[in-house]
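Trainee: Could you take a close look at one part of this fold with me? I'd like to go from one helix out to whatever surrounds it.

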Amino acid sequence: MQSYKDLIFGESFVDGSWQHASTHKLEVKNPVDLSVIAEIYDEDRAFVATAIQAAHHAFPAWKAKSAKERSAILMAWFDLIIQHKEELATIMTLESGKPLAESRGEVDYGASYIQWFAEEAKRNYGDIIPGYTADKRVMTLKEPIGVVGAITPWNFPLAMITRKVAPALAVGCTVVIRPSEETPLTALAINHLAQLAGFPAGVVNTLVGANASEMGKELCESKLVAKISFTGSTRVGQILMAQCAPTLKKMSLELGGNAPFIVFDDADVDLAVKGALAGKFRFGGQTCVCVNRILVQDKIHDLFVEKFSAAVKALKMGNGLEDGITLGPLINPAAIARMKSMLTDAQAKGGKVILGGQAKEPQFFEPTIVLEATSDMEFAHNEIFGPIAPIFRFKTEEEAIQLANDTIYGLASYFYTNDLNRSWRVREQLEYGIVGINEGLISSETVPFGGVKYSGQGREGSKYGLDSYVDIKYVCVGNVH
Ligand code: SIN
């Protein structure tokens with residue numbers, strides 16, 4: 001293994017080389033102790049335009065390569081990421097606070113999108129359609145849409161990039177990546193590995209800068225960018241969509257969630273506790289599919305609370321680089337402030353904190369359980385994105401479904417039951433893009449990930465993942481005699 005320091009870079013990667021246009025730098029801090037891990041040139045809108053130009057120029061040649069050639073380069077990138085798993089996981093833990101075991105898991109998870117789409121690249125089939133008159137031959141071709149802007153969040157510094165750019169690159173698009181300024185190091189490290197894998201200059205570009213709104217604006221407003229793929233908050237998704245309207249840009253949006261986790265009386269309680277623990281506390285509750293509201297049926301409520309509390313007590317909070325740590329710090333002070341305000345609001349409305357509830361310096365928040373949660377509390381309607389687990393009590397199946405769907409969001413949902421008929425009834429009524437039944441972890445490169453309602457549009461991963469990056473061209477050959 002190399003030292004992880006060999007994979008830390010201080011400039012953006014544009015048109016095949018490390019470059020900077022800015023004269024000042026931003027600091028990347030470790031959320032565990034706020035120490036500075038690295039300084040990177042802090043780029044802005046004008047340099048994004050330069051990167052877009054590079055991606056635009058690289059597009060025709062990349063598109064012209066055979067699917068097999070593109071697939072081979074993607075596969076080499078996958079291999080390099082796996083070879084450097086330990087260094088990448090260390091960098092990820094340092095900049096995000098994610099426990100090392102989870103960072104290793106994310107390297108595998110993120111790399112799996114590259115492997116999957118390297119395979120799918122060769123299956124980007126069009127159709128032959130029966131001619132609509134005897135002398136016509138009709139077909140469709142799937143063509144890459146062009147330059148793709150990928151705007152990605154800090155909670156999955158690697159996987160949210162690969163989930164977007166692997167399908168784009170597989171079909172022949174070129175990409176400009178704008179990673180979160182809180183976790184740019186993993187993004188730059190994998191761009192370095194992309195270069196080693198053999199992507200030609202201009203095909204993969206990564207721009208680091210703190211001015212998210214101006215950088216996003218350039219990507220959205222540029223006539224040279226064909227598509228924006230964004231993962232982040234619903235509020236920012238709405239802003240980007242408005243900015244994309246004048247150029248009628250295509251968009252994939254993976255936005256906020258408010259996942260219900262329903263435990264019915266007939267559920268296997270131990271299985272439900274295991275699922276709730278994993279679904280709630282993965283990366284300290286900081287994922288879009290994390291459990292936001294735990295809804296437990298009356299009869300099983302106390303037993304579930306007893307077992308769940310015991311499991312949550314066993315979580316170990318600390319520096320993710322240390323052995324056995326299962327809960328790291330939150331990403332920034334705003335996250336701590338949100339936890340505090342949500343708890344104050346819940347307690348004022350009758351919520352009972354039975355575990356945790358305290359912030360710890362500099363940026364930790366204890367795993368917390370709140371009982372007697374109700375629909376008028378802030379966390380019933382807003383994404384917690386942190387380690388607070390509110391437990392709501394319900395009496396009937398109808399009430400559970402009504403509570404579960406009482407949100408503008410529609411990304412992930414979960415329920416536990418051993419009743420076969422109920423499992424069909426409930427899955428059909430949940431207004432969500434993803435439903436986990438007796439399962440709290442639902443992420444994989446093989447499945448279509450995405451939401452309905454205010455959780456966004458489009459699907460990432462799976463056999464559908466290429467569709468977002470192609471235009472269908474219909475070709476009609478006439479007068480064939
Ligand atoms: C997300 O939080 O946006 C992604 C979660 C996942 O891929 O599991």
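Which helices and strands do the buried residues of helix 7 pack against?

Mentor: Keep in mind that this is a predicted model. Helix 7 covers residues 212-221, and its buried residues are Met215, Gly216, Glu218, Leu219 and Cys220. Those residues pack against two helices and three strands: helix 1 (45-64) and helix 8 (234-244), plus strand 7 (147-151), strand 8 (174-178) and strand 10 (225-231). A charged residue by class, Glu218, is on that buried list.

Now let's step outwards to the sheets. One is an open sheet of 7 strands, ordered 14-17-18-13-12-19-20, with mixed pairing. Strand 14 (352-355) and strand 20 (434-437) sit at its edges with a single partner strand each, so one side of each has no neighbour in the sheet. From one strand to the next, the twist averages 25 degrees. Inside that order, strand 12 (residues 259-263) pairs with strand 13 (residues 291-297) in the parallel sense, over 5 bridges. To find that pairing on screen, look for valine 263, which stands opposite valine 296 in strand 13.

Helices lie across this sheet too. Helix 10 (residues 298-313) lies across strand 12, strand 13, strand 14, strand 17 (368-371) and strand 18 (388-394), and runs at about 140 degrees to strand 13. Helix 11 (residues 333-348) lies across strand 14, strand 17 and strand 18, at about 25 degrees to strand 17.

Valine 273 is a handy landmark here. It belongs to helix 9 (residues 269-281), and with a relative accessible area of 8% it is buried, because the cut-off for buried is under 20%. Leaving out residues up to four places away in sequence, valine 273 touches Phe304, Lys307, Phe308 and Ala311.

Next, a helix pair. The axes of helix 13 (residues 397-405) and helix 14 (residues 420-429) come within 10 Å and cross at roughly 30 degrees, so the two helices are roughly parallel to each other. Helix 13 passes helix 14 in a right-handed crossing. On the helix 13 side, the contact is made by Glu397, Ile401 and Asn405, and on the helix 14 side by Arg422, Arg425, Val426 and Gln429. Sorted by class, that contact has 2 nonpolar, 2 polar and 3 charged residues.

There's also an open sheet of 3 strands, in the order 5-6-22, with antiparallel pairing. Strand 5 (128-129) and strand 22 (470-477) are the edge strands, each pairing on one side only. Strand 5 is joined to strand 6 (residues 137-144) by 2 bridges, and isoleucine 128 stands opposite methionine 139 in strand 6.

Last, some backbone details to check. Most residues other than glycine have a negative phi, and most peptide bonds are trans. The bond from glutamate 361 to proline 362 is cis, with omega near -15 degrees, and proline 362 is in the loop between strand 15 (359-360) and strand 16 (364-365). Asparagine 438 isn't a glycine, yet it has a positive phi of about 55 degrees. This asparagine 438 is placed in the loop between strand 20 and strand 21 (456-457), and at 26% relative accessibility it counts as partly exposed. Lysine 453 likewise has a positive phi of about 55 degrees without being a glycine, and it lies in the loop between strand 20 and strand 21. Its relative accessibility is 36%, so lysine 453 counts as partly exposed. Going back to the landmark, the C-alpha atoms of valine 273 and lysine 453 are separated by 28 Å, with their positions 180 residues apart along the chain.

Notes
Residues numbered from 1 in each chain as written. Predicted model: local features only at pLDDT ≥ 70, side-chain atom pairs only at ≥ 80, totals over all residues. Heavy atoms only, no water. Buried < 20%, exposed > 50% of the residue type's maximum accessible area, 1.4 Å probe, protein only. Helix = DSSP H or I, 4+ residues; strand = E, 2+ residues; numbered from the N terminus. Contact = heavy atoms within 4.5 Å. Pairing = 2+ DSSP bridges. Axes fitted to C-alpha atoms, helices over the stretch in contact; angles between N-to-C directions. Parallel < 35°, antiparallel > 145°, perpendicular 65-115°, else oblique. Left-handed = near helix turned anticlockwise from the far one by under 90°.
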